[in-house]
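Grab a pencil and try these short exercises before you peek at the solutions. Each one asks you to look at the structure and reason one step at a time.

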Amino acid sequence: MNAAAHKPFDVVVMGEILVEVATDLPFAHGVPAQLGISGDALNVAAAAAAAGARVGLLSVLTDDDLGQAIAARVAELGISTDLLLHRRGQQGVYLVHSDPDGEREFSYARSGSVGSTLGPDDVDPAVFTAAGAVVAGGIASAISTTARAAVVKAASLAQRFVFDPNFRPRLTTKEEATAVLAELAPQAFLVTPSFPGETSALLGASTPQEAAAGLRAQGTANVAVTCGAEGIQLESGQDSVWVPAIPAPAVVDQTGAGDAFVGTLTARLVLGDDFQAAARYGAAASSLVVGGKGGTGFIPTFEQTRAHAAASAHSVEGEVSSHA
């Protein structure tokens, strides 16, 4: 199928899809588990699709029943399967244990996975130049040298390149991750580092504002520094805006919360929302997905996300009025 002949995607996401094995109890023999499909790229793509964007996902799957089952899940999430590739190999897997507060413990089996065979030849210039935005992350950049080259090529082609550093010390060194960020930041329409972990390790910044200023100095057009349960620091041109976090109605599993923010924010920017409004929708989606188990256990519709953002805004206004 020639994806380039079809209507351009609003958002193209690239990266590795993983099989998720989730448990409520610490890992041990005989512990019951739930099988799922996840990974940062899938989580971002699912959130972008739910936010109203037409989304393509470039990822390599196994050429067997498992690969077909994963592709079916991709389609079920409202994501186009046109960019999926199938090759012989082993699908990456991770085990995750979530405690009652949603905190997680991970164990990965992804070395040499079929997803890591992604390379620059898989990046179709016609698709990537036509897309409203292209999203990639530090994980895709770290899983192999060919995948990193694919991300670099995508960044050079994209109208709007969005990069989530997603620094994982188990996958790469601080020095390598810093080098990747330095290479991609000048080409990025948006970078979304997390504070304090990534901003300290990769930018040497002690505050969200300092991190944003550092990326802007490197040439990044827009920066959204995510600060966990506190909120998001936005920097764009001469504007500096703080967007408060939106409390989660329920916390079951925090997997995919950051990905939901990135996917929703990117989709809404491409669809015409301003930076602050798009970030607020991202915060709302992020606070809702933690109510489900697994990276794509619960993906809110945009109607749910918009209602949640509006309800939170009214609550804040009410608090301000009551204290006036």
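**Exercise 1.** Find which residues touch the most other members of the largest nonpolar core.

*Solution.* Start with the core itself: in this predicted model, the largest nonpolar core has 46 residues. Within it, Val13, Ile17, Val55, Leu57, Ile79 and Leu265 touch the most other members. Next, look at where the core gets its residues: helix 1 (residues 40-50) supplies the largest share, seven residues. Now step back: there is a second, separate core of 41 residues, and Leu58, Ala150, Phe163 and Val225 are among them. For background, nonpolar side chains in soluble globular proteins tend to be buried together.

**Exercise 2.** List what Val55 touches, skipping residues up to four places away in sequence.

*Solution.* Begin with the lower numbers: Val55 touches Phe9, Val11 and Val13, among others. Then add Ala45, Ala48 and Ala49. Finish the list for Val55 with Ile79 and Ser80.

**Exercise 3.** Work out how the chain's radius of gyration fits with that of a compact globule.

*Solution.* First, take the length: for 324 residues, a compact globule would have a radius of gyration near 20 Å. Then check the chain, which has 19 Å, so the two agree. Burial comes next: 51% of the residues are buried. Finally, turn to contacts with a separation of 6 or more: 72% of them join residues 24 or more positions apart.

**Exercise 4.** Describe the charges on the chain.

*Solution.* Count each kind: you get 18 positive and 33 negative side chains. Then compare the centres of the two sets, which lie 4 Å apart.

Definitions and conventions
Residues are numbered from 1 along each chain as its sequence is written. This is a predicted model: local features need pLDDT of at least 70, side-chain atom pairs count only at pLDDT 80 or more; totals for chains, interfaces and linings use all residues. Side-chain values use heavy atoms; hydrogens and water are left out. A nonpolar core is a set of buried Ala, Val, Leu, Ile, Met, Phe, Trp, Tyr and Cys residues joined through side-chain atoms within 4.5 Å. Buried means under 20% relative accessible area, exposed over 50%, partly exposed in between (1.4 Å probe, protein chains only). Helices (H or I, at least four residues) and strands (E, at least two) are DSSP runs, numbered from the N terminus. Contact means heavy atoms within 4.5 Å. The radius of gyration is taken over C-alpha atoms; the globule rule is 2.2 Å times the number of residues to the power 0.38. Lys and Arg count as positive and Asp and Glu as negative; His and the chain ends are not counted. The place of a charge is taken as NZ of Lys, CZ of Arg, CG of Asp or CD of Glu.
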